[in-house]
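I set out to record what I looked up in this structure, beginning with enclosed space and then turning to cysteines and charged pairs.

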Amino acid sequence: MITTSRCTFDSPRGHELSARLDVPQGRAVRGAAVFAHCFTCSKDLKVEKEIAQALTREGFAVLAFDFTGLGRSGGELSGSSFSADVEDLVAAARYLGETVAPTSLLVGHSLGGAAVLAAAPRIESVAAVATIGAPADPGHVEHLLSAGLEEIDREGQAEVSIGGRPFTIGRSFVEDLRTHRLVDTLPSLGKALLVMHSPLDQTVGIDNARIIHDAAKHPKSFVSLDHADHLLSDPRDAHYAAGVIAAWAERYLPSPQVAGSTTYDEAGATAVTKGTLETDVTSRGYVLRVDEPEEAGGLETGPTPYDLLAGALASCTTLTLRIYADRKGYPLTAARATVTHDRVHAKDCNECEHVAGRIEKFDKTLVLEGDLTDDQRADLLRVADKCPVHKTLHGQIEVHTVLE
């Protein structure tokens, strides 16, 4: 499961940048990544969204954003530059670090790949950088502007068609591109590098990958995206690239983490509910989604709190049975406990000990697999009601609430 939220942050030049944050649910976050899109693209372009969300499915929290003047972000592309894109990336990494966790991975597609290579040395928390179809020289994109270069030089700006869409490009953008030489800065990158490129790329030739790889120092790796085009328009190519990046980057990243820097050693749980009943519960480095049925005003994106309580009782029961069977040497191959919750009146519950009032009733059904004797099954049934959560529910409970 993926939780997606829209957010904004300010660029160093005062423009509001539009972003999308994808966070995996039900598992520890392997790392926090910023994704940089291709030239004149946006974070919402299908292929860019595919790559970002494929990374999220691999366990990464991913912030994808629109550079200044593109997509939903403020500012004008005609007044922007490659240097401004690099500054936007640094600001995005800072925002991700403040809201989720320190940015540990940068991923860039096409010119976005060149931008992450330029930005990485300025972001201390980044341990790994991956590029997809990146040019070795940012000035490489000038060939996309060839039809308007004379007018740009003469008038200061011109409208050019890129990918069938019109964009106004200013002289400062072109001049800034010409000042950046990645081959001069790559030797001092100081981060692990993964270069991914298709040998069939007709937009940015495969020689660019060789130049980038040769200029960088180890640790560095190259992966060929066989049969893919420049935009990775086949979703299978995007998923493959994301899976390789995730597997490769894990070697260089810190231990899995979650928003709030919760680790497995930290017991308890923290729940956050915002504009809807959808609630994210963080516990021991894992994020769980809790919700309510539609009739209760929920969106049904996760189990209810009582479902989790039933799950706590069920899992505690089977864990206890596993530990007990191992200690006794019983041939238990699997234990399954199904727990349901209901509210009943005592007078309607023949098996209940209480005689009056409403009762919170949990029904637990066990399935014990293995070549067990009748005595062993009876012994395990007895132990099933001695698990810690079962005892807690039957014991004296106090809950103290304070306002922080």
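I asked which residues line the largest cavity, working from a predicted model. Ten residues line this cavity, and His37, Phe39, Phe67, Asp85 and Leu111 lie nearest its centre. I noted a volume of about 50 Å³ for it, and the structure holds one cavity of 30 Å³ or more. By class, I found six nonpolar, three polar and one charged residues in the lining. Helix H3 (residues 111-119) supplies the largest share of the lining, three residues.

I next searched for disulfides and found zero. Cys387 is in no disulfide; the sulfur of Cys316, the nearest cysteine sulfur, is 3.2 Å away. Cys387 counts as buried because its relative accessibility is 0%.

I then turned to charged pairs. Side chains of opposite charge can pair when their charged atoms come close. The count came to eight salt bridges, and I looked up several of them.

Arg13 forms a salt bridge with Glu87, with the closest N and O atoms 3.4 Å apart. This pair links distant parts of the chain, 74 residues apart: Arg13 is in the loop between strand E1 (2-10) and strand E2 (16-24), and Glu87 is in helix H2 (residues 82-99). Arg13 is partly exposed at 45% relative accessibility, and Glu87 is partly exposed at 23%.

Asp379 forms a salt bridge with Arg382, the closest N and O atoms being 2.6 Å apart. Asp379 and Arg382 are separated by about one helical turn, because they are three residues apart in helix H10 (residues 374-384). I recorded Asp379 as buried, at 14% relative accessible area, whereas Arg382 is partly exposed, at 42%.

How values were computed. Residues numbered from 1 in each chain as written. Predicted model: local features only at pLDDT ≥ 70, side-chain atom pairs only at ≥ 80, totals over all residues. Heavy atoms only, no water. 1 Å grid on protein atoms, 1.4 Å probe; cavity = no way out; pocket = protein on both sides within 12 Å on 5 of 7 lines; lining within 4 Å. Points joined across faces, edges and corners; volume = space filled by probe spheres on them. Helix = DSSP H or I, 4+ residues; strand = E, 2+ residues; numbered from the N terminus. Nonpolar A, V, L, I, M, F, W, Y, C, P; charged D, E, K, R; others polar. Disulfide = S-S within 2.5 Å. Buried < 20%, exposed > 50% of the residue type's maximum accessible area, 1.4 Å probe, protein only. Salt bridge = Lys/Arg side-chain N within 4 Å of Asp/Glu carboxyl O.
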